[in-house]
Amino acid sequence: MHPLMQAAGHRLVTPTYTGLGERAQVATLRRDWGLPQGAQFNQTAWDRAKTRAVQTLVTSPYAAAAITASEARIDPAAYDAALSVDIASGPPFRIGTIEVTGVTRYSADMVRNFSTQARGDLYSG
């Protein structure tokens with residue numbers, strides 16, 4: 001990594017999340033964002049912050065979440081980095097009908113009765 005990039009401070013354009021209707025989830029993602037404004041910039045921390053935000057969504061009902069745009073504009077002369085990232089959540093996933101196949105020891109009904117999720121519940125990875 002270029003030494004000037006390691007030493008650069010940064011401004012952060014707040015990450016934007018499209019498709020999320022839940023304000024609490026957006027607030028949590030912004031609160032837990034891994035690169036606070038003014039922190040030293042390095043590529044590893046930048047990649048980690050983006051990956052963590054997407055992973056947070058993927059393990060929630062938004063299993064199709066993905067980064068749609070990402071940019072780090074580095075100004076070595078000013079020791080500045082302007083960062084922006086857009087993350088699209090995609091639609092919330094819901095549990096469908098539970099289908100049980102291949103069991104011999106227990107009945108399909110018994111297996112379904114042990115499920116902690118019901119049809120229509122929001123997916124949580």
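## Strand pairing around β4

Strands β3 (residues 66-75) and β4 run antiparallel and are joined by nine bridges, where two strands are taken to pair if DSSP finds at least two bridges between them. Helices and strands are themselves DSSP runs, numbered from the N terminus, with H or I over at least four residues for a helix and E over at least two for a strand. Within the antiparallel pair, Ala-72 stands opposite Leu-83 in β4. Strand β4 also pairs with β2 (residues 16-18), but here the two strands run parallel and are joined by three bridges; Thr-16 has Asp-86 of β4 as its bridge partner.

This is a predicted model, in which local features need pLDDT of at least 70 and side-chain atom pairs count only at pLDDT 80 or more, whereas totals for chains, interfaces and linings use all residues. Residues are numbered from 1 along each chain as its sequence is written, and side-chain values use heavy atoms, with hydrogens and water left out.

Strand β4, which spans residues 80-88, is mostly covered, since seven of its nine residues are buried. Buried means under 20% relative accessible area, exposed means over 50%, and partly exposed lies in between, with a 1.4 Å probe and protein chains only.

## The loop between β3 and β4

The hairpin of β3 and β4 has four residues between the strands. Tyr-79 is located in this loop, and its phi is near 50 degrees, a positive value in a residue other than glycine. The residue is partly exposed, with a relative accessible area of 44%.

## Overall composition

The protein has four helices and four strands, and from the N terminus on these elements follow the order α-β-β-α-α-β-β-α. Of its 125 residues, 27% count as buried. The accessible surface comes to about 8,000 Å², of which 51% belongs to carbon and sulfur atoms; such areas come from the Shrake-Rupley method with a 1.4 Å probe, and for residues only the protein chains shown count as cover.

Contact means heavy atoms within 4.5 Å. Among contacts between residues at least 6 apart in sequence, 63% join residues at least 24 apart.

## Helix α3 and its buried face

Helix α3 has 16 residues and reaches 22 Å from its first C-alpha to its last, close to the 22 Å expected at 1.5 Å a residue, the expected span being 1.5 Å times one less than the number of residues. Its buried residues are Ala-45, Trp-46, Ala-49, Lys-50, Ala-53, Val-54 and Leu-57. Seen down the axis of α3, these buried residues fall within an arc of 165 degrees, so they line one face of the helix; the arc is that of the directions from the helix axis to the C-beta atoms. The buried residues of α3 pack against β2, α2, β3 and β4.

Which residues does Val-54 touch, not counting residues up to four places away in sequence? They are Ala-65, Ile-67 and Ile-87. Val-54, which lies in helix α3, counts as buried at 15% relative accessibility. Its C-alpha lies 6.2 Å from that of Ala-65, although the two residues are eleven apart in sequence.

## Helix α2 and the tryptophan pair

In α2, the buried residues include Gln-25, Val-26 and Leu-29. They cover an arc of only 100 degrees around the axis, which puts them on the same side of α2, while Arg-23, Ala-24 and Arg-31 are exposed on the other side. The buried residues of α2 pack against β2 and α3.

Rings of Phe, Tyr and Trp (its six-membered ring) pair if their centres lie within 6.5 Å, and planes under 30 degrees apart count as stacked, over 60 as edge-to-face and the rest as tilted. By this rule the count comes to one aromatic pair. Trp-33 and Trp-46 form it in an edge-to-face arrangement, with 6.3 Å centre to centre and 80 degrees between the planes. The pair links distant parts of the chain, 13 residues apart, with Trp-33 in the loop between α2 (23-31) and α3 (43-58) and Trp-46 in helix α3. Trp-33 is buried at a relative accessible area of 10%, and Trp-46 likewise counts as buried, at 2%.

## The loop before α4

Gly-96 lies in the loop between β4 and α4 (108-113) and is partly exposed, with a relative accessible area of 37%. The C-alpha atoms of Gly-96 and Ala-118 are separated by 7.9 Å, with their positions 22 residues apart along the chain counted as their sequence distance.
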